[in-house]
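Hi,

Here is the structure I said I'd pass along. Have a look at it first, and then read on for what turned up.

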Amino acid sequence: MEKAILIYDGSVAETKEMSDKVGEYLKVKYEVVKKDIAKLNIEEIEGFDLIIFGSASSNFKISQESFINLYNALAEGKVDLSKKKGATFCPLNKERHSFCETVDIFESELKEMGLSIGVEGFKSNGFSQQDDKAIKAWVEELLLLEGDRVGENQNAI
């Protein structure tokens with residue numbers, strides 16, 4: 001089974017909650033590890049096939065220091081991203097700063113670093129249970145399951 005890591009900025013509860021929900025749906029295809037960015041050691045990323053980044057900030061310039069440190073370590077080439085897949089998400093209210101610009105910036109930069117990103121980053125207008133269908137659809141698109149749908153294999157979730 002392939003392995004996925006969900007790296008989230010735990011300074012905002014919605015980011016962890018969305019990470020938990022994304023992780024539930026990824027279990028159809030992946031062994032999933034969730035990790036708060038503040039507790040991540042960059043070398044941990046090496047063992048994963050899929051890396052998903054959850055930002056808690058709408059504005060990249062005010063992201064948690066740990067998130068910026070991770071970005072800098074990746075930019076320095078401390079992890080080879082060329083054989084890995086990835087995605088980004090941000091569960092913040094549209095009223096805050098500039099709506100989830102971190103998703104666009106980080107996604108663009110990660111592509112330049114060699115990470116294969118085949119799905120547009122998920123932006124939520126504040127995370128709630130009503131986002132469940134949208135998150136499920138996003139994960140299905142990310143997984144590119146051939147004919148399978150997230151949730152059909154209930155033993156995996």
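Below are my notes, starting with the overall layout and ending with two residues worth a look on screen.

One thing to keep in mind throughout: this is a predicted model.

**Overall layout**

You'll find four helices and five strands in the chain. Reading from the N terminus, the elements come in the order β-α-β-β-α-β-α-β-α. Of the 157 residues, 48% are buried. If you take the contacts with a separation of 6 or more, 77% of them are between residues 24 or more positions apart. As for surface, about 7,900 Å² is exposed, and 42% of that comes from carbon and sulfur atoms.

**The sheet and the helices on it**

The five strands make an open sheet with parallel pairing, ordered β2-β1-β3-β4-β5. At the edges sit β2 (30–36) and β5 (122–123), each of which pairs on one side only. The β4–β5 pairing is parallel and consists of two bridges, with β4 covering residues 85–90. To find the spot on screen, look for C90, which is opposite K123 in β5.

Helix α1 (residues 13–26) packs on this sheet and touches β1, β2, β3, β4 and β5. The angle between the directions of α1 and β1 is about 170°. Helix α4 (residues 132–143) lies across β2, β3, β4 and β5, at about 165° to β4.

**Two cores**

The largest nonpolar core is made of 21 residues. Inside it, the residues with the most contacts are I7, I45, F53, L70, L74 and L110. At least two core residues come from each of β1 (2–8), β3 (50–54), α2 (65–75) and α3 (101–112). Helix α2 gives the largest share, with five residues.

L110 is a handy place to start if you want to walk through this region. Beyond its neighbours within four places in sequence, L110 contacts F53, L74, L81, T88, L115 and I117. There is also a second, separate core of 19 residues, and V119, F122, I135 and L142 are among them.

**T88**

T88 is in strand β4. Is T88 buried or exposed? Its relative accessibility is 2%, so T88 counts as buried, the cut-off being under 20%. Its side chain has a polar partner all the same: the side chain of E107, at 3.3 Å. Leaving out residues up to four places away in sequence, T88 also touches a mixed set that includes F53, V103, F106, L110, G121, F122 and W138.

**Y25**

Y25 belongs to helix α1. With a relative accessible area of 8%, Y25 falls under the 20% cut-off and is therefore buried. Which side chain does the side chain of Y25 meet in a polar contact? The partner is D132, at 2.7 Å. Y25 and W138 are 113 residues apart in sequence, yet their C-alpha atoms are 9.8 Å apart in space. W138 is also one of the residues that T88 touches, which makes W138 a convenient link between these two parts of my notes.

That's what I have so far. Shout if you'd like to go through any of it together.

Cheers

Notes. Residues are numbered from 1 along each chain as its sequence is written. This is a predicted model: local features need pLDDT of at least 70, side-chain atom pairs count only at pLDDT 80 or more; totals for chains, interfaces and linings use all residues. Side-chain values use heavy atoms; hydrogens and water are left out. A nonpolar core is a set of buried Ala, Val, Leu, Ile, Met, Phe, Trp, Tyr and Cys residues joined through side-chain atoms within 4.5 Å. Buried means under 20% relative accessible area, exposed over 50%, partly exposed in between (1.4 Å probe, protein chains only). Contact means heavy atoms within 4.5 Å. Two strands pair if DSSP finds at least two bridges between them. Axes are lines fitted to C-alpha atoms, for helices over the stretch in contact, and angles run from 0 to 180 degrees between N-to-C directions. A polar contact is a pair of N or O atoms within 3.5 Å; within protein, one must be able to donate a hydrogen and the other to accept it, and residues adjacent in sequence count only if both atoms are side-chain atoms. Accessible areas come from the Shrake-Rupley method with a 1.4 Å probe; for residues, only the protein chains shown count as cover.
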